[in-house]
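Me: I am new to this structure and would like to go through a few of its local features. Please keep each answer short and reasoned.

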Amino acid sequence: MLRLVTGRRAILAGSIKGQPAIFRLSLHPDETVAFAAEWRELTRAHAYMAKGAYRSVAPFALAADGQVMVLEQVEGTPFLDLLWSMEAAPRLALIPSAAAWLQHYTKPTAALTPVNRGPWRKWAEEALARQTHAPLLAIETRILQKMKKLSRLLRDHDEWRTAICHGDFHPNNLMVADDRLIGIDLGGSNRTPIYKDMARFLTHMARRGMVPSGQRRFGVDAVAYDAFVQAFDLTQTEATLHLPYLICYETLVRVEHPDMPSARIKHGVALAEALLKDLRQVV
């Protein structure tokens, strides 16, 4: 048993046909429905990500009327854990591969769609209302003001790029195994702006003090930011409006636990202050 979420699901390690596997057991009808959606996405992605440098976790079986899902047990090192074990130069050399993985994953479904700016601003504002750490609340309130100004600028833009995205693309949902990157935990996949997954990855790093270049752009590591800009060939508008808008969202929506250690809060404040500084150059 790896994990038990009472009344929802159980996750176990085992094997199937001699291969190490992860077994997810549904304990609720809603979870069974979620399994079906995740299975569809896993099989879709694995059709073009089963080989090569950029892969997705292999789906093995959906059984017992959809109540049991069996997945590949991925061997390797979580991406962020690997970064922490490296010196700065190797860290910076590795980061573009994460951007390349995401570009490879999203490319088949990428399309221009109408800008849906409202929900992101609304969700960010709702999250900020739950912030209990005074230093974060003070600076994040100002970021929300800037996000609202960015939102008004987005009224002049009819479209932005969307795709079937990971949904929870933080660095440890990428496993590094030799020369391969394997994406795991694709359960939240849905059509969203491509910038949302980038923002999730970048802010997750910065919120934990992982800024290997020592320089920031919109609050996050500048070299990592540029890696995503280059991998997706972002336009100037995408790089200075669309991506910062979703970085604002990710900064505000990840509300730190009331008992979070002070070091983590300091990292969050540093992220927010640097983000605010660059936002002032835009709005």
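Me: Is Asp-185 buried, exposed or partly exposed?
Reply: This is a predicted model, and the values below are computed from it. Asp-185 sits in the loop between strand E11 (180-183) and strand E12 (190-193). Buried means under 20% relative accessible area and exposed means over 50%. Asp-185 has a relative accessible area of 38%, so the class is partly exposed.

Me: What is the sign of phi in Asp-185?
Reply: Most residues other than glycine have a negative phi. Asp-185 is a residue other than glycine, yet its phi is near 60°, and the sign is positive.

Me: Where is Phe-218 found, and is Phe-218 buried or exposed?
Reply: Phe-218 also has a positive phi, of about 50°, although it is not a glycine. Its place is the loop between strand E13 (216-217) and strand E14 (220-221). With a relative accessible area of 5%, set against the cut-off of under 20%, Phe-218 is buried.

Me: Which residues are the closest to the centre of the largest pocket?
Reply: The largest pocket holds about 450 Å³ of space. Its lining is made of 16 residues, and those closest to the centre are Ile-11, Ile-22, Arg-24, Ile-184 and Asp-185.

Me: Which strands each supply at least two residues of the lining of the largest pocket?
Reply: By class, this lining has nine nonpolar, one polar and six charged residues. The strands that each supply at least two of its residues are strand E2 (9-16), strand E3 (19-26) and strand E6 (68-72).

Me: Which backbone oxygen does the side chain of Asn-173 reach?
Reply: Asn-173 lies in the loop between strand E9 (159-165) and strand E10 (174-177). Its relative accessible area is 6%, so Asn-173 counts as buried. Leaving aside neighbours within four places in sequence, the contacts of Asn-173 include His-166, Ile-182, Ile-184 and Asp-185. At 2.9 Å, the side chain of Asn-173 reaches the backbone oxygen of Asp-168.

Me: What is the volume of the largest cavity?
Reply: A search of the whole structure finds one cavity of 30 Å³ or more. Its lining consists of Leu-136, Glu-140, Arg-207, Thr-251, Glu-256, Gly-268 and Leu-271. The volume of the largest cavity is about 30 Å³.

Me: Which helices each supply at least two residues of the lining of the largest cavity?
Reply: The lining of the largest cavity divides into two nonpolar, two polar and three charged residues. The helices that each supply at least two of its residues are helix H5 (134-154) and helix H9 (262-279).

Me: Why is there no bond between the sulfur of Cys-165 and the closest cysteine sulfur?
Reply: A disulfide is a covalent bond between the sulfur atoms of two cysteines. The sulfur atoms must be within 2.5 Å to count as a disulfide. The closest cysteine sulfur to that of Cys-165 is in Cys-248, and the two are too far apart for a bond, at 18 Å.

Me: How many disulfides does the count come to?
Reply: Cys-165 is buried, at 0% relative accessibility. Cys-248 is buried as well, with a relative accessible area of 0%. Cys-248 is in no disulfide, as its nearest cysteine sulfur, that of Cys-165, is 18 Å away. The count of disulfides comes to zero.

Conventions
Residues are numbered from 1 along each chain as its sequence is written. This is a predicted model: local features need pLDDT of at least 70, side-chain atom pairs count only at pLDDT 80 or more; totals for chains, interfaces and linings use all residues. Side-chain values use heavy atoms; hydrogens and water are left out. Helices (H or I, at least four residues) and strands (E, at least two) are DSSP runs, numbered from the N terminus. Buried means under 20% relative accessible area, exposed over 50%, partly exposed in between (1.4 Å probe, protein chains only). On a 1 Å grid over the protein atoms alone, a cavity is a set of points where a 1.4 Å probe fits but cannot get out, and a pocket is an open set with protein on both sides within 12 Å along at least five of seven lines; lining residues have an atom within 4 Å of a point. Grid points are joined across faces, edges and corners, and a volume is the space filled by probe spheres set on the points. Ala, Val, Leu, Ile, Met, Phe, Trp, Tyr, Cys and Pro count as nonpolar, Asp, Glu, Lys and Arg as charged, and the others, Gly among them, as polar. A polar contact is a pair of N or O atoms within 3.5 Å; within protein, one must be able to donate a hydrogen and the other to accept it, and residues adjacent in sequence count only if both atoms are side-chain atoms. Contact means heavy atoms within 4.5 Å.
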